Amino acid sequence: MTTQQGMPLQGSFVGNSGPLSSPGTTRTTGKLLATQGYVVGIEISGSGSHQSVALADLQGQILHRVRHPLDYVPDTQTVLDMIDDMLGQVTAPEKLQEGRILRVGVAVGGLVDASRGIVRTLHHAHSWNDFPLQDYLEQRLDIPCIIDNNANAAALAETRAGVLCEESEIPRKVERVVLYVGLGRGIGGGLVVNGKIYHGAIGTAGEIGHLIVKEDGPKCSCGGYGHLEAIASAQAISRAMIGLSVE
Ligand SMILES: [Zn+2]
């Protein structure tokens, strides 16, 4: 990253993080003990063309959200510039009456090494390979950040604030093992075990979209063949139906 590192953002960030850890080392953001302040959530889609930035209170209520979907696949710098711009809108000083931003969480629609804060790849975009997104944002914002795959983040969100949380209107006991399946352009999957995201040995636990279901099957977005996503995603089904209609 060369062009924008260290430049101030449009919004007013008052950070509280300690010294930054060195790039690529394992770290956590620590438990949030504050009772006042805000958190920011950022989502980057698997192609980078959909980004969303939201400001929430510490109970998880979304206060402001902006999205600017693009109709093309942008490069990494374009996505980062747009997120800067959206952060500026969402965190303008008049929106932060109750305190400062305490944490930033980023959900990325690709392969993420969460323990090192790195986007390993976006299957539907180029130029993200091994991008240190967590360090990039922490250095720009001076706020502790955490990044993860978007299905993992969604899985955790469902257990904390969605259909599987203890306060959910749907009566149920709290599940110990949860598999979240995200059906979008592809098929995402996230595993939550005992309330924590389960990444597995190489960070791909729960990624059911890339399980092989058909030997020598159609090519998948990840480059493999015969994966579930290449056969059962919305894109794959419509492609198959177009093929059949031509026949
Ligand atoms: Zn695949």
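Here are some notes on this predicted model, running from the whole chain to the sheets and then to a few side chains.

1. Overall make-up. Let's start with the broad picture. The chain has 247 residues, and 43% of them are buried. DSSP gives 5 helices and 10 strands. Of the contacts with a separation of 6 or more, 57% link residues 24 or more positions apart. The accessible surface is about 13,500 Å², and carbon and sulfur atoms account for 54% of that.

2. The five-stranded sheet. If you trace the strands across this open sheet, the order reads 3-2-1-4-7, with mixed pairing. Strand 3 (62-67) and strand 7 (145-149) are the edge strands, each pairing on one side only. On average, neighbouring strands here are turned by 15° against each other, ignoring direction.

3. Strands 1 and 2. Inside that sheet, have a look at strand 1 (residues 38-44) and strand 2 (residues 51-57), which run antiparallel and are joined by 7 bridges. For a landmark, find Val40, which stands opposite Leu55 in strand 2.

4. Helices on the five-stranded sheet. Helix 1 (residues 76-90) lies across strand 1, strand 2 and strand 3, and it runs at about 30° to strand 2. Helix 3 (residues 150-161) lies across strand 1, strand 4 (101-108) and strand 7, with an angle of about 105° to strand 7. Strand 1 is thus on the list for helix 1 and on the list for helix 3.

5. The three-stranded sheet. There is also an open sheet of 3 strands, in the order 8-9-10, with antiparallel pairing. Strand 8 (177-183) and strand 10 each have a single partner strand, so one side of each is left without a neighbour in the sheet. Strand 9 (residues 187-193) and strand 10 are joined by 2 bridges. Val192 is the residue to click on here: it stands opposite Ile197 in strand 10.

6. Helix 3 again. Helix 3 packs on this sheet as well, touching strand 8, strand 9 and strand 10, and its direction makes about 50° with that of strand 9. Taken with its place across strand 1, strand 4 and strand 7, I'd display helix 3 together with both sets of strands.

7. The aromatic cluster. Trp128, Phe131 and Tyr136 form one aromatic cluster, and the structure holds 2 aromatic pairs. Trp128 and Phe131 make an edge-to-face pair, 5.7 Å centre to centre with 80° between the planes. Phe131 and Tyr136 have ring centres 5.8 Å apart and planes at 55°, so this pair is tilted; the edge-to-face label needs planes over 60 degrees apart.

8. Burial of those rings. Why does Trp128 count as buried? Its relative accessibility is 1%, and the cut-off for buried is under 20%. Phe131 counts as buried too, because its relative accessibility is 8%. Tyr136 is likewise buried, along with Phe131.

9. His227. Finally, a residue from a loop. His227 sits between strand 10 (196-197) and helix 4 (228-232). Is His227 buried or exposed? With a relative accessible area of 10%, His227 is buried. Leaving aside residues up to four places away in sequence, His227 touches Gly209, His210, Leu211, Ile212, Val213, Pro218, Cys220 and Cys222. When you inspect this loop, the two cysteines on that list, Cys220 and Cys222, are worth displaying alongside His210 and His227.

Technical notes:
Residues numbered from 1 in each chain as written. Predicted model: local features only at pLDDT ≥ 70, side-chain atom pairs only at ≥ 80, totals over all residues. Heavy atoms only, no water. Phe/Tyr/Trp six-rings, centres within 6.5 Å; stacked < 30°, edge-to-face > 60°. Buried < 20%, exposed > 50% of the residue type's maximum accessible area, 1.4 Å probe, protein only. Pairing = 2+ DSSP bridges. Helix = DSSP H or I, 4+ residues; strand = E, 2+ residues; numbered from the N terminus. Axes fitted to C-alpha atoms, helices over the stretch in contact; angles between N-to-C directions. Contact = heavy atoms within 4.5 Å. Areas by Shrake-Rupley, 256 points an atom, 1.4 Å probe, with all protein chains shown as cover.
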